Amino acid sequence: MLVFSGRRKKKLKSLAKADVAIIGGTGLEALLKDAEQIRVGTPYGLPPPISLGQVNGKPVAFLPRHGIHHSVPPHKVNYRANVFALYKIGVKQVVATNAVGAIKSDFEPGDLVVPHDLVDFTKLRQLTFYDDAPVTHVDMSQLYCPTIRALLIKTARERGVQVWDHAVLVCTEGPRYETPAEIEMFRRLSCDIVGMTSAPEAMLARELEMCYATICFVSNMAAGMQQQLTADEVANVAEKKNPVIQQILRETIKHLPSERHCLCAHALRAARFEVK
Ligand code: HPA
């Protein structure tokens, strides 16, 4: 059921469609032209208001992961409602942004990273749409869509922006930061960056055959690699990197293909057990 707020109920109903979505922190909705807010109900609950507008003439949705006032902590985000709401309005390609700490010592605060893989170390989250029959095992061999990843990297480099194109992101439960011993463990497991919001968001998108990739900004060195971690630091780097991330997202969205040739689009084809 789609629920619309405000006076423009009728007009919005016919506009409530977008092939592309951005999931990120508050502030990115500035990317959209002629944006209007909609509410989209799902069987998993009500996600935050979604902005629907245009980027380079393309209809694009923006979903603020932590709510419009940044009031939902990472472990309380309703990832299933968020992803399902986008699916319901027709989204097939998602470009996300995440704040991360750097585990790999080559990376520095302010760096941009497009991870190629993810380790899920969350503990309490609803992690699938497939809780019942038919038993469904979705392939995560290329969790992040290779097409969107390549476009994010190319777009950044064409603009002279340095971007790391290979990194394993580990997602922790939060909301606390990690201990130095946890970070040392993640380093030994070959993780390069750490955040609290990429899982299960990326996996849920793939479960619905959506393309999904993320551009991360490093807000701090991970625990044990700098004296102390503060929320201010994350907010400051987010504000500083916002303009360049917006530029990269705008250009990437402009060049997203309308026909999808990646495997993401067929993720369910080989995922189900046939009972014989
Ligand atoms: N750990 C987890 N999540 C984060 C960090 C971190 O160091 N920095 C930004 N998000």
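This section describes the ligand site, the aromatic pairs and the backbone geometry of a predicted model.

In the predicted model, the ligand occupies the largest pocket, where the surrounding residues are Ala 99, Val 100, Gly 101, Tyr 177, Glu 178, Val 194, Gly 195, Met 196, Ser 219, Asn 220 and Leu 229. Grouped by class, this shell consists of six nonpolar, four polar and one charged residues. Three strands, β6 (93-102), β11 (193-195) and β12 (211-221), each contribute at least two residues to the shell, and among the contributing elements β6 gives the most, with three residues.

Polar contacts to nitrogen atoms of the ligand come from both backbone and side-chain atoms of the protein. On the backbone side, a polar atom of Ala 99 is placed 3.4 Å from a nitrogen atom of the ligand, and a backbone N or O atom of Gly 101 lies 3.3 Å from a ligand nitrogen atom. On the side-chain side, a polar atom of Asn 220 is found at 2.7 Å from a nitrogen atom of the ligand. Of the 260 Å² of accessible area that the ligand has on its own, 95% is covered by the protein.

With regard to aromatic rings, the count comes to seven aromatic pairs under the rule applied here. One of these is formed by Phe 84 and Phe 129, whose ring centres are 5.9 Å apart and whose planes enclose an angle of 55°, an arrangement that is classed as tilted. Because Phe 84 belongs to helix α2 (residues 79-88) whereas Phe 129 belongs to the loop between β8 (117-121) and α3 (146-158), the pair ties together parts that are 45 residues apart in sequence.

The backbone was also examined for departures from common geometry, given that most residues other than glycine have a negative phi and most peptide bonds are trans. The peptide bond that leads from Gly 174 to Pro 175 is cis, with omega near 0°, and Pro 175 is located in the loop between β10 (168-172) and α4 (180-188). A cis peptide bond, likewise with omega near 0°, runs from Ala 199 to Pro 200, and Pro 200 is located in the loop between β11 and α5 (201-207); strand β11 is also one of the elements that supply at least two residues of the shell around the ligand. As for phi, Asp 34 has a positive value of about 55° although this residue is not a glycine, and Asp 34 is part of strand β3 (residues 33-40).

Methods. Residues are numbered from 1 along each chain as its sequence is written. This is a predicted model: local features need pLDDT of at least 70, side-chain atom pairs count only at pLDDT 80 or more; totals for chains, interfaces and linings use all residues. Side-chain values use heavy atoms; hydrogens and water are left out. A residue is near a molecule or strand if one of its heavy atoms lies within 4 Å of it. A polar contact is a pair of N or O atoms within 3.5 Å; within protein, one must be able to donate a hydrogen and the other to accept it, and residues adjacent in sequence count only if both atoms are side-chain atoms. Accessible areas come from the Shrake-Rupley method with a 1.4 Å probe; for residues, only the protein chains shown count as cover. On a 1 Å grid over the protein atoms alone, a cavity is a set of points where a 1.4 Å probe fits but cannot get out, and a pocket is an open set with protein on both sides within 12 Å along at least five of seven lines; lining residues have an atom within 4 Å of a point. A molecule sits in a cavity or pocket if more than half of its atoms lie within 2 Å of its grid points. Helices (H or I, at least four residues) and strands (E, at least two) are DSSP runs, numbered from the N terminus. Ala, Val, Leu, Ile, Met, Phe, Trp, Tyr, Cys and Pro count as nonpolar, Asp, Glu, Lys and Arg as charged, and the others, Gly among them, as polar. Rings of Phe, Tyr and Trp (its six-membered ring) pair if their centres lie within 6.5 Å; planes under 30 degrees apart count as stacked, over 60 as edge-to-face and the rest as tilted.
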